Amino acid sequence: MREELRVKNYDADRIHWIKNHVPRTRDDYLEIARHANVMPVDFPRMVYLEVGADCNLNCSFCSKPSRKQFDREMDPETLARVVDECAENGVYGLYLHLFNEPLLHVERLLPVIERAKRGGIPIVAVTTNGTPLTETIMNDLVDAGLDTLHFSFEGANSELYREVRGAKASVIEKRIEMALRIREERGIRNDRDQLVPWIAITSVRTDETDEEIDAFLTRWKGIVDDIEIRPALGFLGRTQFGEAEQPAKRVACRYLGDRIVVAADGSVIGCSVDVDAELNFGNVIDGQTIREIWHSDRYREVWSLHQWQAWEKLPEPCRSCDSWDFTATQRSRFSQETAR
């Protein structure tokens, strides 16, 4: 019987209360004191590693179409060094995607997955738009030891999908069904007796109606392992959706001190909103390590400015960020009705 997963969810208003409320009762004090020691961990427990910069779609809800062109990309040796450092320092999750389409880079992607699994990283994940996925690639992903395969798929309204993605929803449905079939045929299970890779759908909600979302969830419920419906983000005004919806009170970015991003050009950045690597803390191509960057004065300075809520002193793009709470976006209520 699968162990029930318990997930703590904090909303922005609650975090703002913890950081700003003046306690007048013992219960209030104890609640605030429980969170008083929040500090960055010794090494990020989650790392996003972008294996190649290319993507074959120009989705209207993504800032990738306006992303700057990189003048270099990490070679296999650099990627191997980064993976080894992650494994040696206890990274829990290695996510091999950012604004790219990872399956366009399988010649670099597969060795990275294999190396990460040999190094003992518990969760190695890939998010794909599904268009490049073939039976051969799916079998290769299974052979490499991939733990999680996320399909980024807005299939609730096929006409809208074609409009925002420039691809056919029916094609992606067949890709997902093919991946599920191959996984079943291979029959490889993890230590929790789950078929791997874990296959999920992450859907960015744009202009779909509630009825369309309900029908989409009904279509895939019990077929894939999980479904998550996320709101579209503003990404600094660089998508068709403009400004993101925000809670009333700003809180410190929850990327900082918890996870880090290595873009395709080797830039180490604070979060995935920084699409152009504007706030660059260092570069692994130049020989710097994630540990050096994570413990650098510059990184800690930016983290501290967030913790002290010194919004006006933040460097760009943090100061102008309109998606600062996206890591805490509440999972769709429907996710709890599917696999979890």
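## A tour from Cys253 outward

Select Cys253 to start: with a relative accessibility of 11%, Cys253 counts as buried. Buried here means under 20% relative accessible area, exposed means over 50%, and partly exposed lies in between, using a 1.4 Å probe and protein chains only.

The model is predicted, so local features need pLDDT of at least 70 and side-chain atom pairs count only at pLDDT 80 or more, while totals for chains, interfaces and linings use all residues. Residues are numbered from 1 along each chain as its sequence is written, and side-chain values use heavy atoms, with hydrogens and water left out.

**Cysteines and the cavity**

Now add Cys271. The closest cysteine sulfur to that of Cys253 is in Cys271, at 5.0 Å, which is too far for a bond. A disulfide is a pair of cysteine sulfur atoms within 2.5 Å, and the structure holds zero of them. Elsewhere, Cys55 is partly exposed, at 21% relative accessibility.

Keep Cys253 and Cys271 selected and add Val273, Cys318 and Cys321: of the 17 residues lining the largest cavity, these five lie nearest its centre. A cavity is a set of points on a 1 Å grid over the protein atoms alone where a 1.4 Å probe fits but cannot get out, and lining residues have an atom within 4 Å of a point. The structure holds one cavity of 30 Å³ or more, and the largest has a volume of about 170 Å³. Volume is the space filled by probe spheres set on the points, which are joined across faces, edges and corners. The lining divides into twelve nonpolar, three polar and two charged residues. Ala, Val, Leu, Ile, Met, Phe, Trp, Tyr, Cys and Pro count as nonpolar, Asp, Glu, Lys and Arg as charged, and the others, Gly among them, as polar.

**The nonpolar core**

Next, select Leu49, Leu96 and Leu141. In the largest nonpolar core, which has 102 residues, these three touch the most other members. Helix α7, residues 169-186, gives the most to this core, with seven residues. Such a core is a set of buried Ala, Val, Leu, Ile, Met, Phe, Trp, Tyr and Cys residues joined through side-chain atoms within 4.5 Å. Helices (H or I, at least four residues) and strands (E, at least two) are DSSP runs numbered from the N terminus.

Centre on Leu96. Beyond four places in sequence, its contacts include Leu49, Val51, Pro102 and Ile113; contact means heavy atoms within 4.5 Å.

**Two strands**

Move to Arg230, in strand β6 (residues 226-231). Arg230 is partly exposed, at 42% relative accessibility. Leaving aside neighbours within four places in sequence, it is in contact with Thr202, Ser203, Val204 and Arg205. Thr202 belongs to strand β5 (residues 198-205) and, at 12% relative accessibility, is buried. Apart from residues up to four places away, Thr202 touches Arg230 and Glu228, and also His150, Phe151, Ser152, Phe153 and Glu154.

**Two last stops**

Select helix α10, residues 297-307: Tyr299, Val302, Trp303, Leu305, His306 and Gln307 are buried there. Gln309 follows α10 and has a positive phi, near 60°.

Finally, go to Asp11, in the segment before α1 (12-20). Asp11 is partly exposed, with a relative accessible area of 45%. Its C-alpha is 9.8 Å from that of Val251, although Asp11 and Val251 are 240 residues apart in sequence.

Zoom out to the whole protein: ten helices and nine strands, with 54% of the 340 residues buried.

How values were computed:
On a 1 Å grid over the protein atoms alone, a cavity is a set of points where a 1.4 Å probe fits but cannot get out, and a pocket is an open set with protein on both sides within 12 Å along at least five of seven lines; lining residues have an atom within 4 Å of a point.
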